[in-house]
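User: Please take a close look at how the strands are paired in this model. I would like to know which partners each strand has, and then how that pairing relates to what lies around it.

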Amino acid sequence: MKLVRDIIKLHSDMGLSIRKIQGATGVAKSTVADYIKRFDKSGLSIEQINLMDDDTLRSHLLLNTSTIKINTTTTKTADRVLPDYNYIHQELKRRKKTKVTLRLLWEEYKESNPNGYQYTQFRVYYRRFIKKLNPSMRQTHLAGEKVFVDYSGVTVPIHNQKTGEIEYAQIFVAVLGASGYTFVHATHTQRQEDFIYSHVKCYEFFKGTPRVVVPDNLKSAIISNNKNGIVVNESYADLNRHYGIIVEPARPRKPKDKPKAEQGVEAIQRYILARFRHHKFFSVDELNEAIGELLDRYNNKIIKHLQKSRSELFGEIDAPYLKPLPVNSYIYREFKIARVNHDYHIILKKCYYSVPYQYIKEIVEIRYSTQTVNIYHKHKLIATHPRLRRVGACSTLHEHMPNNHQYINEKMNPTRLRSWAKSIGEYSTLFVEDAFSEVSYKPQAYRKISAVLSLAKLYGNTELELALMYATKLKTITVKSIKSILDKKLYLAKSINNTKREQDIKEKLSLFNNHANIRGADEYK
């Protein structure tokens, strides 16, 4: 249902056409039209839909998600390359809002110049004007529509004053399509968290957001982009849902799909990064400060062919058409799908978080940030926890527990596990009691106990008992260690070594120590 929600949001909040929604989501136009029609007939608002879980939304819209057809063939309709003077070029950039056309501009030109060029030659001269511009500007970009993002191939060394080690900062570049207004930000890596953080800083720098972002195909943004469709990284998709932005990645190995980014990266390398070649930086923050000073100079530089700076063009063209920033800044989140265990907990990064016991064995979605962990079932929030960091830590809310920890139709309980351990042997029984004593709530130990006792079915009761006896002496009783002991039969090696040592001692006594008064060298070891 997430795809359906995205279609409704793009239609309701952003007012996109069916064709635009098809390009953004990969859903066939007929299906998009059907969903929009059902939404309009339902009389629901977007706020009401956001409060519904998936089942309720499905019942209201009578949707069958199996009918969604992913459009595997995309048709590229490039804007017709229109030519003429700078005024004409700037006016056409605003055509999405003003609805101006080249013919209308020609008619206005003819009104003031009755003896001027006819429409055909008017277009020819405009084409010639366009060709004189930088090649990356041959595409006609609409005001406030697109931002192109990419990383520079050139990095900047960061010197660690304590260790002397050198790390290389990654340089993020974002360029608005219509004005060329540029943002630059340095981070430690290109990993997802840094990539998304750079976007947040970028939109704050622009003081607004465009309608479309055009990234390269790095894994922090796009999982796959091929003939079967586009799969956007879930955390990156969440960022763009927050800001109401469509993701339109460039085709793999097609740099002309993002000429602004290519041109912007090259210009930044020459104008900013090249100036740092003799400078030594000791932190990324220090580098960003230096970039900020030069970035203002870069954006205020006069563009030769346009006789205006990027800052001036931004104020005239892009800034008025950017969408306002949301009230709350985006907080980075990651996503994971998990199944609720017998102990009504899910596992995230080797930590445990509870959910209401009614959801045992259900599939849930985990959305987590550096501070919180939110757990959803069919788009309905069922649990919220603070983020834990210590391995093995557990967050259990009292309201999630069943009465006396006895579940309805429960298959796992302490009595059953103790009986199972007793049928295997003495060390299994001791292991179960120790596992229960280590946790605050007995159901938290069910998973570990069940996993270890189940090994008896694969290796036999005797072998598991020997392995537990061996592990008890080494004080390493985990599922992984027990399995390793059984696979390598370490308990037998220990037994053989002990027997061999005893035999060697007996042989020494019989050969050399003929009576009790001779103590020998062994006595002084």
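Analyst:

**Strand pairing and its surroundings**

An open sheet is built from four strands, ordered E11-E14-E15-E16, with antiparallel pairing. Strand E11 (334–339) and strand E16 (380–386) take the edge positions with a single partner strand each, so one side of each has no neighbour in the sheet. On average, neighbouring strands here are turned by 25° against each other, direction ignored. The model is predicted, and the description should be read accordingly.

In general, strands of a sheet pair through backbone hydrogen bonds, in either a parallel or an antiparallel sense. Between E11 and strand E14 (residues 363–368), which run antiparallel, there are six bridges. One position to inspect is alanine 338, which faces valine 364 of E14.

A further open sheet has three strands in the order E12-E13-E17, and its pairing is mixed. Its edges are E12 and E17; each has a single partner strand, so one side of each is left without a neighbour in the sheet. The mixed character can be followed pair by pair. E12 and strand E13 (residues 351–354) are antiparallel and share four bridges, whereas E13 and strand E17 (residues 394–395) are parallel and share two bridges.

Tyrosine 352 of E13 is a useful residue from which to trace this sheet. Towards E12, tyrosine 352 is the bridge partner of isoleucine 347. Towards E17, tyrosine 352 is paired with cysteine 394. The link between E12 and E13 is a hairpin with two residues between the strands. Lysine 349, in that turn, has a positive phi of about 55°.

Tyr352 also leads to the second largest pocket. Together with Gly392, Val439, Gln444 and Lys448, Tyr352 lies nearest the centre of that pocket, among the 20 residues that line the pocket. The volume of this pocket is about 620 Å³. Strand E12 (345–348) contributes at least two residues to the lining, and helix H17 (446–453) likewise contributes at least two. Sorted by class, the lining comprises nine nonpolar, six polar and five charged residues.

Elsewhere in the chain, strand E6 (residues 222–226) and strand E7 (residues 229–232) form an antiparallel pair over four bridges. Isoleucine 222 is placed opposite valine 232 of E7. E6 and E7 make a hairpin, with two residues between them.

A helix contact completes the picture. Two packed helices are described by the angle between their axes and the distance between the axes. For helix H1 (residues 2–12) and helix H3 (residues 29–42), the axes come within 10 Å and cross at roughly 75°. H1 and H3 are therefore roughly perpendicular to each other, since angles of 65 to 115 degrees are placed in that class. From H1, the contact involves Val4, Ile7, Ile8, His11 and Ser12; from H3, it involves Val32, Tyr35, Ile36, Phe39 and Asp40. The residues of this contact comprise seven nonpolar, two polar and one charged.

Definitions and conventions
Residues numbered from 1 in each chain as written. Predicted model: local features only at pLDDT ≥ 70, side-chain atom pairs only at ≥ 80, totals over all residues. Heavy atoms only, no water. 1 Å grid on protein atoms, 1.4 Å probe; cavity = no way out; pocket = protein on both sides within 12 Å on 5 of 7 lines; lining within 4 Å. Points joined across faces, edges and corners; volume = space filled by probe spheres on them. Nonpolar A, V, L, I, M, F, W, Y, C, P; charged D, E, K, R; others polar. Axes fitted to C-alpha atoms, helices over the stretch in contact; angles between N-to-C directions. Parallel < 35°, antiparallel > 145°, perpendicular 65-115°, else oblique. Contact = heavy atoms within 4.5 Å. Pairing = 2+ DSSP bridges.
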